[in-house]
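Trainee: Please take one part of this model and look at it closely with me. I would like to see how it sits among its neighbours.

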Amino acid sequence: MHNKATIQSITSKIIQDSRGKPTISVTVSSQNESASFDVPSGASTGAREVSIKNPHDVSDIIQDIILPRLLNVSVHSQKAIDDALHELGETHALDSIGGNTALGISVAASKLAAIEQGQETWEYIRDLFGSKTQASNPRLFVNLINGGAH
């Protein structure tokens, strides 16, 4: 366990989603470990959706805006990471940094914290929310109502 693990780098690369459209994979690294998250590129366009940044612009947003704020932040400070992302997003829709960018960083950071704690990601998130009453492993959740065309 590396309790003093801090964010040392955040990178992104362009990948293709299940529809063949470009999306991003974000990697957050500490001194000794790294974790990645492939951001799904949903097709929703509702009025309450967060803004999405073009995958080709995400790397510059991370390096110019987000990394300077999150550099050396503890990987175990999920609330501080998420609060900083919301603040940098400037609006509820995260217009300045994009919801896809924020999601990628947030999930990759939580995965990294789990690795640093020697836990599975689901265990780390369970503990983060203070719940020890859940099952010993994740339960399957399936969205049967809002199916979409693929």
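Mentor: What follows is a walk along helix H3 and the parts it meets.

First, the ground rules. This is a predicted model, so local features need pLDDT of at least 70 and side-chain atom pairs count only at pLDDT 80 or more, while totals for chains, interfaces and linings use all residues. Residues are numbered from 1 along each chain as its sequence is written, and side-chain values use heavy atoms, with hydrogens and water left out.

Start with H3 itself. Helices (H or I, at least four residues) and strands (E, at least two) are DSSP runs, numbered from the N terminus. H3 covers residues 99–117, which is 19 residues. From first C-alpha to last, H3 reaches 27 Å, close to the expected 27 Å. That expected span is 1.5 Å times one less than the number of residues. Of the 19 residues in H3, 14 are buried, so the rest of the structure largely encloses the helix. Buried means under 20% relative accessible area, with a 1.4 Å probe and protein chains only. After H3 comes Gly118, with a positive phi near 75 degrees.

Now the sheet. H3 lies across S1, S2 and S3, at about 140 degrees to S3. Such angles run from 0 to 180 degrees between N-to-C directions, and axes are lines fitted to C-alpha atoms, for helices over the stretch in contact. The three strands form an open, antiparallel sheet in the order S1-S2-S3. Two strands pair if DSSP finds at least two bridges between them. S1 (9–16) and S3 (34–38) are the edges; each has a single partner strand, so one side of each lacks a neighbour in the sheet. From one strand to the next, the twist averages 20 degrees. S1 and S2 (residues 22–29) pair over eight bridges. S2 and S3 pair over five. Four residues separate S2 from S3 in their hairpin. Ser25 in S2 faces Lys13 and also Asp38 in S3.

Last, the helix partner. H1 and H3 pack at about 55 degrees, with axes 11 Å apart. That makes H1 oblique to H3. Angles under 35 degrees count as roughly parallel, over 145 as roughly antiparallel, 65 to 115 as roughly perpendicular, and the rest as oblique. On the H3 side, Asn100, Thr101 and Ile105 meet Val58, Ile61, Ile62, Ile66 and Leu70 of H1. Contact means heavy atoms within 4.5 Å.

Notes. Buried means under 20% relative accessible area, exposed over 50%, partly exposed in between (1.4 Å probe, protein chains only).
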